[in-house]
Amino acid sequence: MVSLKKAMPFVLSAALITGAAGADIPMLSGTPLAPAVASAAITKSWDFSKDIGSWTYSGNYSYSGQASAAYDRAFGGSLKLTVDFSKDRDATWSEVKLTDTSLTKEAPIAVSGCNVVEFDLYYDPAKISGDSLLKVKVFGKDEKDEEVINDLADDIGMSRAKPVEGSTFKRVHVKVPLMDTYTGKLGHLELSIVSYLSAYKGDIYINNIQL
């Protein structure tokens with residue numbers, strides 16, 4: 001009997017071939033829409049309307065600037081991530097990480113059938129130009145400190161972001177599909193903002209994280 005995990009690449013390949021053969025692909029202003037993801041029941045959510053709890057800036061990769069995370073009342077209450085990618089404007093990967101420090105090997109949370117991580121992201125479009133993009137990566141470990149999640153959303157939907165009235169920011173609802181649906185105990189979770197050829201310097205706001 002072929003396992004679901006082993007069969008998945010074949011299913012994905014077949015879907016890609018069907019699309020290439022001329023099937024209609026949803027478009028918006030000439031840009032293919034990301035495929036819909038059927039979310040499982042929400043296991044855990046973080047609402048930053050009053051505070052950011054134990055979430056904090058936890059490190060970076062290939063990043064030369066300073067960064068910080070703090071609560072802000074903007075957009076109904078949010079985690080404000082202040083970044084400076086200006087020194088890494090030519091980098092195709094520059095990463096700033098956020099972590100919920102209350103999640104540990106000793107205090108994991110039980111996750112049942114998680115196949116997507118999603119949240120609201122607010123950014124200033126004036127700080128994005130040319131071919132530059134913001135991407136999102138999700139990384140997780142179980143209670144044995146073994147990697148169980150490592151997934152990237154190359155296209156977070158910036159072409160579909162909506163202006164936020166009364167501000168210079170746009171909002172996009174980000175979905176990061178997981179390659180492997182996860183059921184088990186999660187003892188570490190990172191959410192990273194990744195800059196691609198971006199000189200973004202300023203604030204990014206995050207709220208309503210769900211997995």
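Is Phe85 buried or exposed in this structure? Phe85 is buried, because its relative accessible area is 0%. Keep that residue in mind, since we will come back to its partner shortly. One thing to know before we go on: what you see is a predicted model.

Let us take in the whole chain. The protein chain contains one helix and 13 strands. If you read along the sequence, the helix comes at the start of the pattern and the strands follow: α-β-β-β-β-β-β-β-β-β-β-β-β-β. Of the 211 residues in the protein chain, 39% are buried. Among the contacts with a separation of 6 or more, 77% are between residues 24 or more positions apart. The accessible surface of the protein chain is about 11500 Å², and carbon and sulfur atoms hold 53% of that surface.

Now step inside. The largest nonpolar core has 48 residues, and those with the most contacts inside this core are Trp55, Tyr123, Ile193 and Ile209. Several strands give two or more residues to this core, among them S6, S7, strand S8 (109-123) and strand S13 (201-210). The biggest giver is S12, with nine residues. To get a feel for one of these core residues, find Ile209. Leaving out residues up to four places away in sequence, Ile209 touches Lys44, Ser45, Trp46, Phe48, Trp55, Val117, Glu118, Phe119 and Leu191.

One of those neighbours, Ser45, is worth a stop. Ser45 lies in strand S3 and is partly exposed, because its relative accessible area is 43%. Not counting residues up to four places away in sequence, Ser45 touches Ile209 and Gln210. Between the C-alpha atoms of Ser45 and Val117 there are 9.8 Å in space, although the two residues are 72 residues apart in sequence.

A short walk back along the sequence brings us to Ile42. You will find Ile42 in the loop between strand S2 (31-32) and strand S3 (45-46). With a relative accessibility of 52%, Ile42 counts as exposed, because the exposed class begins over 50%. Apart from residues up to four places away in sequence, Ile42 touches Gln210 and Leu211. Ile42 and Leu211 are 169 residues apart along the chain, and yet their C-alpha atoms are separated by 5.7 Å.

Next, look for the aromatic rings. A pair of aromatic rings is described by the distance of the centres and the angle of the planes. The count of aromatic pairs in this model comes to seven. In one of them, the rings of Trp46 and Trp55 have centres 5.4 Å apart and planes at 90 degrees, so this pair is edge-to-face. Both Trp46 and Trp55 are buried. Here we also meet the partner of Phe85: Tyr63 and Phe85 form an edge-to-face pair, 5.2 Å centre to centre with 75 degrees between the planes. Tyr63 sits in the loop between strand S4 (55-61) and strand S5 (68-72), while Phe85 sits in the loop between strand S6 (78-84) and strand S7 (94-100), so the pair ties together parts that are 22 residues apart in sequence. Why does Tyr63 count as buried? Tyr63 has a relative accessibility of 9%, and buried means under 20%. Ring pairs also link Phe75, Tyr122, Phe169 and Tyr205 into a cluster.

Phe75 has a second feature to notice. Its phi is near 55 degrees, a positive value in a residue other than glycine. Phe75 is placed in the loop between S5 and S6, and with a relative accessible area of 24% it is partly exposed. Ser62 also has a positive phi, of about 55 degrees, although Ser62 is not a glycine. This serine lies in the loop between S4 and S5 and counts as partly exposed at 40% relative accessibility.

Our last stop is a charged residue, Lys97, in strand S7. Lys97 is buried yet has no salt bridge. Why does Glu190 not provide one? Glu190 is the nearest side chain of opposite charge, but it is 4.1 Å away, and a salt bridge has to be within 4 Å. Beyond its neighbours within four places in sequence, Lys97 is in contact with residues including Thr56, Tyr57, Ser58, Glu190 and Leu191.

Technical notes:
Residues are numbered from 1 along each chain as its sequence is written. This is a predicted model: local features need pLDDT of at least 70, side-chain atom pairs count only at pLDDT 80 or more; totals for chains, interfaces and linings use all residues. Side-chain values use heavy atoms; hydrogens and water are left out. Helices (H or I, at least four residues) and strands (E, at least two) are DSSP runs, numbered from the N terminus. Buried means under 20% relative accessible area, exposed over 50%, partly exposed in between (1.4 Å probe, protein chains only). Contact means heavy atoms within 4.5 Å. Rings of Phe, Tyr and Trp (its six-membered ring) pair if their centres lie within 6.5 Å; planes under 30 degrees apart count as stacked, over 60 as edge-to-face and the rest as tilted. Lys and Arg count as positive and Asp and Glu as negative; His and the chain ends are not counted. Accessible areas come from the Shrake-Rupley method with a 1.4 Å probe; for residues, only the protein chains shown count as cover. A nonpolar core is a set of buried Ala, Val, Leu, Ile, Met, Phe, Trp, Tyr and Cys residues joined through side-chain atoms within 4.5 Å.
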